[in-house]
Structures are given as C-alpha cells and as structure tokens.
Amino acid sequence: MSWSLVIHGGAGVIPRGSLDAAADAAARRSLADALDAGSAILVAGGSALDAVEAAVRVLEDAPSFNAGRGAVLTREGTVELDAAIMDGRDRRAGAVAQVTRARHPVSVARAVMERSPHVMLVGRGADIFAIGEGLEPAEQDHFILPERRRQLDELLAGGGDGFDVDMKYGTVGAVARDRDGHVAAATSTGGVMGKRWGRVGDSPLIGAGTFADDRACAVSCTGSGEHFIRAGVAREIAARIRLAGEDPATATATTMADMAALGGTGGVILVDAAGDPLWQFTTAGMYRGRATSAAGRHVAIFGDED
C-alpha cells in the first residue's frame, strides 16, 4: 500500500524577495531533511505516528522556523513552546503548552499520550513531566536566537501592543499516511512574538490546529491561532469529509473561507484516508513539502511554486 507525508514550516506574508538567498536555502534544506526523516520511516513500513514525530523533531531543531530552536519570544523575553500529536487509529492524542525546558516538545506531547492518563499538560507541570520521563532537556539559551531578541526589541520599541507584526506564522507540522492505511498529525510552535498572559494558540488544541482520524484525514494548521480555534479548523475539515462526504479540497477550502470570514489567515496541510496529500493557504506563501511513494518529493515556499 502507498504512503504519504506532508509537512509545513508556517504560512504568512512571504512574497518573493522577502528572503535572502541564504535564508531561502536554509529553509528548503530543513524542509528536505524533515521529509527525509519521515519518509525513511514510511518506506521501511513504519507508522504514520513515528513519521510525523520524526519530521517535526527535525523542524524543531531548524532555526528557520518558529518551533523549538528559533522560536519567537514572549513579552518577557522567554520561550514558551506548544505542541500536539494525534494517532488516527484510535484518536489518542497528546499535547503540551508553555513548555520551557524540553528540546522536542512534540516528543513530550507523544509521551503525554502514551505514558499518562491525560491529553494535555501545561506550564511547569509539563516541564516536570518531561524531566520525569527522561526526555531530552534544553535550556532557554538553546532556543533563543539573536534575531528573535532583535525582533522583540523592535516590537516593544514600537509600543508593544500588538504581536507577530510581520504575520509570518512559523509553526511547524506534519501529517502522514502509512502503508497500513493509518494517518497521524503533529504540530509544534513557539506561538506569536510578544505573547503574554499565558497565551496559547491553536497548535496544541486537538480539533483546532491538530487532528487525525483514519475515517477521514490528518490535518495540521498554521496561522492566526485565535481564528483557527474559533472555527475549529482541523476538526471541521475532518467532519466535512467523513460526515458530509465532501472531497478534501472542498472541505478544506470551505473551512478556510469560514476562518477567513472571521478575520483569520494561514494554511493547512492534509493527507486523507486514501493517502492523497493536500495543502491550502490564504497567505502569500507557506513553507511546505510533500513526499509520497508514488510521486516523489516537492519542497516550496512561495505561492506560485505549485
């Protein structure tokens, strides 16, 4: 049976000319590395769950994106990380928010799913859980890059009442279907620049930014989290496919239009029960890539590359 893997590194205002050659090449290289990591598992007959975790771990280590190393900073100048993972076989899920001491939040989310009776842990408790489970730690200095410090300083100097002023949502994610016909999804993010008051977006919320169900599809989202939460984007797409019988492209377009009507922007990656990959975004670009057993590999950033 065929397999499919789709990844994203965030959507937003990314027109041609917005990246220099070095930044463009680094992002594409990291996307390719993530596809390699996930594809190697799927080629060998491994699970979709293992594949999406492996792909997202690569992206969490890539400074090109807003997840793990290179994550944006809170108003206080720290990093708070969110992640989720979901298994389409039985809809088990794990999620964490405001993690500060784990190198790979997606692996903490999986540990919550597999080694605890819960679905979501937050803040200090999530950090304590990760340490207790022996997951790889990391100090704040590992995550924080000088460019992110500069961006925060610029934001605060301008008054600091807004956040993510460039509308570049660097959230990362992966969806996959394995040779056994099972799907899985994972998403990881640093949130939005300058966030405060313990703000959490859609990425770690099952049904908003992350969802997987063998009966329909696997979805990972990136964009203006508050709007994705209000529209329940990931779950809505799956419900339209499973209950209304819509094809994935129609279900995704309809749901994204609803989200956009609320004032949101962003993008979605999806793989359906048949293994067909799909992405859609309302922005000028989205860091993205796909690999399948039938059609090879493709990596893109700008909107006119497909």
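In the predicted model, strand β7 is covered on both of its faces: Val 183, Ala 185, Thr 187 and Thr 189 are buried on one side, and Ala 184, Ala 186 and Ser 188 are buried on the other. The strand runs over residues 183-189, and 7 of its 7 residues are buried. In a regular strand the side chains alternate between the two faces of the sheet. The two groups of β7 residues follow every second position, with Thr 187 and Thr 189 on one side and Ser 188 on the other.

Two strands were found to pair with β7. Strand β2, residues 81-87, pairs with β7 in the antiparallel sense over 6 bridges. Within this pairing, Ser 188 of β7 has Ala 83 opposite. Strand β6, residues 172-177, is likewise antiparallel to β7, and the two are joined over 6 bridges. Here Thr 187 of β7 is the bridge partner of Gly 173. Thus Thr 187, a bridge partner in the pairing with β6, belongs to the side of β7 that also holds Val 183, Ala 185 and Thr 189, whereas Ser 188, which stands opposite Ala 83, belongs to the side with Ala 184 and Ala 186.

Strands β6 and β7 form a hairpin with 5 residues between the strands, and in this hairpin Gly 181 takes a positive phi near 90 degrees. The loop between β6 and β7 also contains Asp 178. With a relative accessibility of 3%, Asp 178 counts as buried because the value is under the 20% limit. Residues up to four places away in sequence aside, Asp 178 touches Ser 2, Trp 3, Leu 42, Gly 46, Ser 47 and Ala 48. The C-alpha atoms of Asp 178 and Met 1 are 8.1 Å apart in space, although the two residues are 177 residues apart in sequence.

On the other side of β7 in sequence, the loop between β7 and β8 holds Ser 203. Ser 203 is buried, with a relative accessible area of 4%. Apart from neighbours within four places in sequence, the contacts of Ser 203 are with Ala 84, Thr 171, Thr 187, Thr 189, Gly 209 and Thr 210. Among these contacts, Thr 187 and Thr 189 are residues of β7, on one side of that strand, and Thr 210 is a residue of β8.

The loop between β7 and β8 (210-213) also includes Trp 197. Trp 197 has a positive phi of about 60 degrees although it is not a glycine. In contrast to the buried Ser 203, Trp 197 is exposed, with a relative accessible area of 75%. A positive phi in a residue other than glycine is also found at Arg 91, where the value is near 60 degrees. Arg 91 is located in the loop between β2 and β3 (92-99). At 44% relative accessibility, Arg 91 counts as partly exposed.

Strand β8 is buried in both directions: Thr 210 and Ala 212 point one way, Phe 211 and Asp 213 point the other way, and all are buried. A hairpin of 3 residues joins β8 to β9. Strand β9, residues 217-223, pairs with β8 in the antiparallel sense over 4 bridges. In this pairing, Ala 218 of β9 is the bridge partner of Ala 212.

The whole structure was also searched for enclosed space. The search finds 1 cavity of 30 Å³ or more. About 90 Å³ of space lies in the largest cavity. The lining of this cavity consists of 12 residues, of which Thr 171, Thr 189, Gly 191, Arg 199 and Gly 223 are the closest to its centre. By residue class, the lining divides into 2 nonpolar, 7 polar and 3 charged residues. Thr 171 and Thr 189, both in the lining, are also in contact with Ser 203.

Over the chain, the secondary structure comes to 9 helices and 13 strands. The radius of gyration is 17 Å, close to the 19 Å that the globule rule gives for 306 residues, so the chain is as compact as a globular protein of that length. The C-alpha trace spans about 55 × 45 × 35 Å along its principal axes. Of the 306 residues in the chain, 57% are buried. Among contacts with a separation of 6 or more, 70% are between residues 24 or more positions apart.

Note on methods. Residues are numbered from 1 along each chain as its sequence is written. This is a predicted model: local features need pLDDT of at least 70, side-chain atom pairs count only at pLDDT 80 or more; totals for chains, interfaces and linings use all residues. Side-chain values use heavy atoms; hydrogens and water are left out. On a 1 Å grid over the protein atoms alone, a cavity is a set of points where a 1.4 Å probe fits but cannot get out, and a pocket is an open set with protein on both sides within 12 Å along at least five of seven lines; lining residues have an atom within 4 Å of a point. Grid points are joined across faces, edges and corners, and a volume is the space filled by probe spheres set on the points. Ala, Val, Leu, Ile, Met, Phe, Trp, Tyr, Cys and Pro count as nonpolar, Asp, Glu, Lys and Arg as charged, and the others, Gly among them, as polar. Buried means under 20% relative accessible area, exposed over 50%, partly exposed in between (1.4 Å probe, protein chains only). Two strands pair if DSSP finds at least two bridges between them. Contact means heavy atoms within 4.5 Å. The radius of gyration is taken over C-alpha atoms; the globule rule is 2.2 Å times the number of residues to the power 0.38.
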